[in-house]
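Grab the model and work through these exercises with it open. Each one sets a task, then walks through a solution.

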Amino acid sequence: MQKRLTKEEALDLIKNADLKELGKMASARKKELHPKGITTFVVDRNINYTNICWVDCKFCAFYRHEKDADAYVLTFDEIDAKIDELLEIGGTQILFQGGVHPKLKIEWYEDLVEHIHTKYPEITIHGFSSIEIDFIAKVSRISVEEVLERLKVKGLASIPGAGAEILSDKVRDIIAPKKIDSEVWIDIHRKAHKLGIMSTATMMYGTVESDEDIIDHFEMVRKLQDETGGFRAFIMWSFQGQNTELLRLIPDMDKPSSNRYLRLLAVARLYLDNVPNIQSSWVTQGAYIGQMALRFGANDLGSTMMEENVVSSAGAAYSMAKEEMVALIKDIGEIPAVRNTAYETLEKFA
Ligand code: SF4
């Protein structure tokens with residue numbers, strides 16, 4: 001095992017490393033972890049079962065309040081119709097997330113998960129961010145463990161890393177003051193891992209954080225992964241400002257560059273030596289930088305994104321057919337493969 005990067009070394013890489021050199025270092029690490037040269041992606045669909053949310057994050061353009069004219073909670077029939085469409089294109093996973101609805105309790109979620117799992121046992125439910133889980137527990141007056149256990153019994157297989165943003169409370173207090181603290185986010189993932197529910201870790205950068213905050217974020221993820229081994233992947237993206245309160249408050253906020261994205265991604269690959277997969281976010285960076293990210297440590301191109309509402313509300317509106325994903329991966333000399341939620345290869349395109 002290679003010597004671990006220290007926080008100081010990682011900070012130095014972010015601030016001073018030559019971008020090309022950083023790419024080479026991250027690619028070498030990626031090759032050690034994924035020697036077969038396979039780059040994966042998943043055919044899935046985001047289903048945002050509600051846009052009603054009381055958390056009012058300043059960087060979010062997706063949420064509505066209950067009385068807004070365009071507020072919604074999808075019916076089971078509407079959800080079924082979306083899953084039927086997904087099955088038609090051979091999809092295997094739904095990324096199931098909402099706003100944080102102020103009134104829906106555990107019984108509603110149990111019915112929902114049971115309904116989907118019973119009707120579509122071939123579909124993996126990768127759902128509910130730790131913010132949602134925390135609030136389901138609060139509004140239902142039960143523990144987080146009980147929420148996780150009850151939803152697992154009904155068919156919840158995996159939880160997404162959404163809501164991590166930057167795991168620094170001083171940053172969170174500015175961009176999402178009502179959101180759970182960093183330690184609570186970590187602890188919900190810890191509890192899920194201990195119950196056998198694997199998850200992913202994410203990071204949204206490009207608001208008010210410093211490089212030191214980013215390293216602290218990496219450190220919190222690495223530390224929990226040492227303890228539980230429950231993160232399957234790390235996914236990061238830059239703040240998408242359009243239509244957000246945060247951009248109205250700080251209108252001259254710089255849009256993070258592609259150089260910065262690739263730089264941070266490479267350092268993430270090097271620092272998170274215990275997280276097996278790093279996902280490229282072509283949804284926020286575009287296809288070209290998404291492809292470049294494969295040269296900066298990423299080994300997964302994420303999802304074909306049949307439907308995405310949260311990031312697209314804030315200006316990032318991309319979608320990609322399976323054939324385009326395959327072509328992008330082949331174009332840089334790697335072997336494309338469709339994967340499932342557990343990052344197991346389902347179909348290779350040699
Ligand atoms: S990011 Fe999520 S929790 Fe925050 S306001 Fe938007 S929907 Fe709600």
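**Exercise 1. Place Cys-60 in the fold and decide whether it is buried or exposed.**

Step 1: Cys-60 sits in the loop between E2 and H3, where helices (H or I, at least four residues) and strands (E, at least two) are DSSP runs numbered from the N terminus. Step 2: its relative accessible area is 17%. Buried means under 20%, exposed over 50% and partly exposed in between, with a 1.4 Å probe and protein chains only, so Cys-60 counts as buried. A word on the ground rules: this is a predicted model, where local features need pLDDT of at least 70, side-chain atom pairs count only at pLDDT 80 or more, and totals for chains, interfaces and linings use all residues. Residues are numbered from 1 along each chain as its sequence is written, and side-chain values use heavy atoms, with hydrogens and water left out.

**Exercise 2. Do the same for Cys-57, then list what it touches.**

Step 1: Cys-57 also belongs to the loop between strand E2 (44-48) and helix H3 (76-88). Step 2: at 8% relative accessible area, Cys-57 is buried. Step 3: skip neighbours within four places in sequence, and its contacts (heavy atoms within 4.5 Å) are Tyr-63, Ile-175, Ala-176 and Lys-179.

**Exercise 3. Which residues surround the ligand, and how do they divide by class?**

Step 1: take residues with a heavy atom within 4 Å of the ligand. You get Cys-53, Val-55, Asp-56, Cys-57, Phe-59, Cys-60, Tyr-63, Gly-99, Val-100 and Lys-179. Step 2: sort them, with Ala, Val, Leu, Ile, Met, Phe, Trp, Tyr, Cys and Pro as nonpolar, Asp, Glu, Lys and Arg as charged, and the others, Gly among them, as polar. The shell comes out as 7 nonpolar, 1 polar and 2 charged. Step 3: check the record: an unreviewed UniProt entry annotates Cys-53, Cys-57 and Cys-60 as "binding site", though such annotations may be inferred rather than shown by experiment.

**Exercise 4. Where is Met-25, and what does it touch?**

Step 1: find Met-25 in helix H2 (residues 19-33). Step 2: its relative accessible area is 35%, so call Met-25 partly exposed. Step 3: leaving out residues up to four places away in sequence, Met-25 touches Leu-13 and Leu-270. Step 4: look across to Arg-269, 244 residues from Met-25 in sequence but 9.2 Å away in space, C-alpha to C-alpha.
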